[in-house]
Amino acid sequence: MINIEMPKPTVVIQQREQQLKEGEAPITPFHGFIDLHKITREKGGIFLFYNEANEVLFVGKARKIRQRVKKHFEDNVSPVKDHRNEIFKIEVYEIEDPMEREIYETYAINAFEAKYNVDKVFFDK
């Protein structure tokens, strides 16, 4: 039996209200998120979208994580296009090796029974 253990997330962001200090300019939220800048532009990895009940909605992987996360909020072919309003929290795991990304993505989809993943699913929906 193969034992896979998820690493600790590199970045966790969630929708929240901005707490502005005096004289500070507000950040325009991107679909309710103001901390997307904390996700790396240059590194690869996997990401998990959660709802407010902390259920995994979708797991994805990318060579450049921030661009891929943003694309899920913008394009019309994303599996979460009709469920974007459910996304409350995003966990990002920086994983540079493409084979490791693939393994962790498939593992996370099935271990957490991601609601909107259609590929690589081995559990009964």
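**Helix 2 and the two cores**

Among the elements that cover the buried residues of helix 2 are strand 2 and strand 3, where contact means heavy atoms within 4.5 Å and where helices (H or I, at least four residues) and strands (E, at least two) are DSSP runs numbered from the N terminus. The model is predicted, with local features needing pLDDT of at least 70 and side-chain atom pairs pLDDT 80 or more, whereas totals for chains, interfaces and linings use all residues. Residues are numbered from 1 along each chain, and side-chain values use heavy atoms, without hydrogens and water.

Helix 2 runs over residues 98-111 and reaches 20 Å from its first C-alpha to its last. The buried residues of this helix (under 20% relative accessible area, 1.4 Å probe, protein chains only) are R101, Y104, E105, A108, I109 and N110. At its N-terminal end D97 acts as a cap, with a side-chain oxygen 3.1 Å from the backbone nitrogen of M99, and just after the helix E113 takes a positive phi of about 50°.

The largest nonpolar core, a set of buried Ala, Val, Leu, Ile, Met, Phe, Trp, Tyr and Cys residues joined through side-chain atoms within 4.5 Å, has 17 residues, of which I39, F49, V69, I87 and I90 touch the most other members. At least two residues each come from strand 1 (11-14), strand 2 (45-50), strand 3 (56-62), helix 1 (65-74) and strand 4 (89-94), and helix 1 gives the most, with three. Beyond its neighbours within four places in sequence, I39 is in contact with V11, I13, I65, R66, V69 and V92. A second, separate core of 13 residues includes Y50, V56, V59 and I95.

How values were computed
Buried means under 20% relative accessible area, exposed over 50%, partly exposed in between (1.4 Å probe, protein chains only). The expected span of a helix is 1.5 Å times one less than its number of residues. A polar contact is a pair of N or O atoms within 3.5 Å; within protein, one must be able to donate a hydrogen and the other to accept it, and residues adjacent in sequence count only if both atoms are side-chain atoms.
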